[in-house]
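Colleague: Got a minute? I'd like to talk this one through before class.
Modeller: Sure, let me put it on the screen.

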Amino acid sequence: MNIENHVIKIYNTGNSSVLNYEKSLLADPLSEEVRIKHFAIGLNFIDINMRNGNYSIKSYSPDSKVPYILGVEGSGRIESLGKNVNGLKVGDRVAHCMNLGTYSEFMNVNANKLFTIPRNISYEIAAASTLKGLTAHYLIKELGQVKKNQIVVVHAAAGGVGSLLCQWAHLIGAKVIGVVSTDKKVARIRKIGADFYINSRKQNFSNEIMEITEGKGADIIYDSVGKSTLQRGLSCLADRGKLVSYGNSAGLLEPVDISVLKPISGSIICGGLLTFIKNKHERKNNAEELFNLITKGKLKVDINQRYRLKDISLAHDDIESRITSGSSIILP
Ligand SMILES: NC(=O)c1ccc[n+]([C@@H]2O[C@H](COP(=O)([O-])OP(=O)(O)OC[C@H]3O[C@@H](n4cnc5c(N)ncnc54)[C@H](OP(=O)(O)O)[C@@H]3O)[C@@H](O)[C@H]2O)c1
């Protein structure tokens with residue numbers, strides 16, 4: 001039976017004014033799907049890039065059609081199940097990410113893409129940490145393979161993914177240099193594990209990294225900013241250093257000159273979460289490890305902004321204007 005649903009749709013790309021809060025009808029779940037009632041929705045910078053056209057929605061989700069329902073992270077309770085779904089039941093608490101359409105009260109999701117939320121993790125924390133935490137997981141453990149005493153630089157260190165990277169690298173025993181744009185954010189990252197901090201509006205981050213490391217450079221740089229930081233990051237890597245590029249919050253990436261990497265045996269590695277959640281076992285194991293660290297209090301997920309679904313434009317404006325910190329969630 002179709003049910004009434006409130007969603008955020010976009011008909012074309014542009015600034016936050018293209019976000020429309022609308023009533024819509026949701027059909028029954030298909031045989032492999034479950035219907036979820038969302039209790040919390042994650043706000044992610046990728047939502048901005050999809051809305052403004054920097055990230056092609058069509059290439060991300062080829063089957064979806066205009067108008068698109070935005071959003072790629074959510075948590076909630078299973079309301080009904082398709083006839084071929086096994087191992088789940090009505091009432092189960094689940095989270096999901098990288099499925100387009102989470103800016104919605106209700107959503108049908110393929111049952112294989114769900115994560116069961118542990119009992120001691122709330123819907124809000126699950127929506128604030130599933131996508132960002134699984135990203136931090138692969139960045140730290142797979143791409144960076146961070147080790148004790150390494151020098152790890154985190155750009156946008158006070159942000160959603162950045163806050164988790166700082167904490168996780170610190171937990172492993174790395175020396176963390178956080179780069180942020182305000183003194184308020186400096187105060188935040190000092191609390192969550194940054195050993196050194198750089199205010200990018202007042203300081204030249206590459207010079208500062210060389211100074212902090214006494215000319216050695218960083219072993220790993222996590223770069224989610226891109227345009228203004230990628231090329232300069234290559235100039236402050238240590239021998240065999242890695243620059244891990246996983247985002248472009250400052251706009252579309254520009255070509256970089258990699259000739260500086262050969263003399264130092266340095267590398268650029270690019271990462272995308274989708275490649276780490278395709279395999280069922282890998283996805284399950286990574287989520288278990290992430291939720292375990294959150295449950296034990298070793299990784300703290302700070303929800304510093306909450307918005308109503310109908311106020312989604314404000315949420316987009318805030319994250320774009322760099323005033324948010326930690327995670328932001330949307331309440332349907
Ligand atoms: N590849 C993947 O698998 C993957 C997965 C998740 C997220 N991401 C990417 O990771 C990044 C972080 O995502 P998030 O959701 O956690 O966002 P976020 O870091 O909480 O917010 C973006 C931050 O980027 C910094 N920034 C620098 N230049 C900016 C500019 N010109 N405009 C706006 N922000 C700017 C700001 O921090 P300061 O003001 O402190 O500089 C801002 O707070 C995004 O680029 C996102 O697309 C990638």
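Colleague: How does the shell around the ligand divide by class?
Modeller: The shell has 12 nonpolar, 14 polar and 4 charged residues. Ala, Val, Leu, Ile, Met, Phe, Trp, Tyr, Cys and Pro count as nonpolar, Asp, Glu, Lys and Arg as charged, and the others, Gly among them, as polar. Bear in mind that this is a predicted model: local features need pLDDT of at least 70, side-chain atom pairs count only at pLDDT 80 or more, and totals for chains, interfaces and linings use all residues. Residues are numbered from 1 along each chain as its sequence is written.

Colleague: Which residues are closest to the ligand?
Modeller: Gly159, Gly160, Ser181, Ser224 and Gly247 are the closest of the 30 that surround the ligand. A residue is near a molecule if its C-beta atom, placed from the backbone, lies within 6 Å of it.

Colleague: And which helices each supply at least two residues of that shell?
Modeller: Helices H1 (45–52), H3 (123–144), H4 (160–172) and H9 (312–320). Helices are DSSP runs (H or I, at least four residues), and so are strands (E, at least two), numbered from the N terminus.

Colleague: Where does the ligand lie relative to the domains?
Modeller: Between domain 1 (3–130 + 277–331) and domain 2 (148–270), because both give residues to its shell. The domain bounds come from an automatic or database domain assignment. The C-alpha centres of the two domains lie 28 Å apart. Their contact takes 11 residues from domain 1 and 17 from domain 2. Two residues are in contact if their C-beta atoms, placed from the backbone, lie within 7 Å.

Colleague: Back to helices. How do H1 and H9 pack?
Modeller: At an angle of about 105°, with axes 10 Å apart. Axes are lines fitted to C-alpha atoms, for helices over the stretch in contact, and angles run from 0 to 180 degrees between N-to-C directions. H1 and H9 are therefore roughly perpendicular; that word covers 65 to 115 degrees, while under 35 is roughly parallel, over 145 roughly antiparallel and the rest oblique.

Colleague: Which residues make that contact?
Modeller: H1 gives Phe45, Ile48 and Arg51, and H9 gives His316, Ile319 and Glu320. By class, that is 3 nonpolar, 1 polar and 2 charged.

Colleague: New topic: what about the backbone? Which residues does a cis peptide bond join?
Modeller: Val66 and Pro67, with omega about 0°. Pro67 sits in the loop between helix H2 (57–60) and strand S4 (68–69). Met98 has a positive phi of about 70°, although it is not a glycine. Met98 is in the loop between strands S6 (93–97) and S7 (106–110). Most residues other than glycine have a negative phi, and most peptide bonds are trans.
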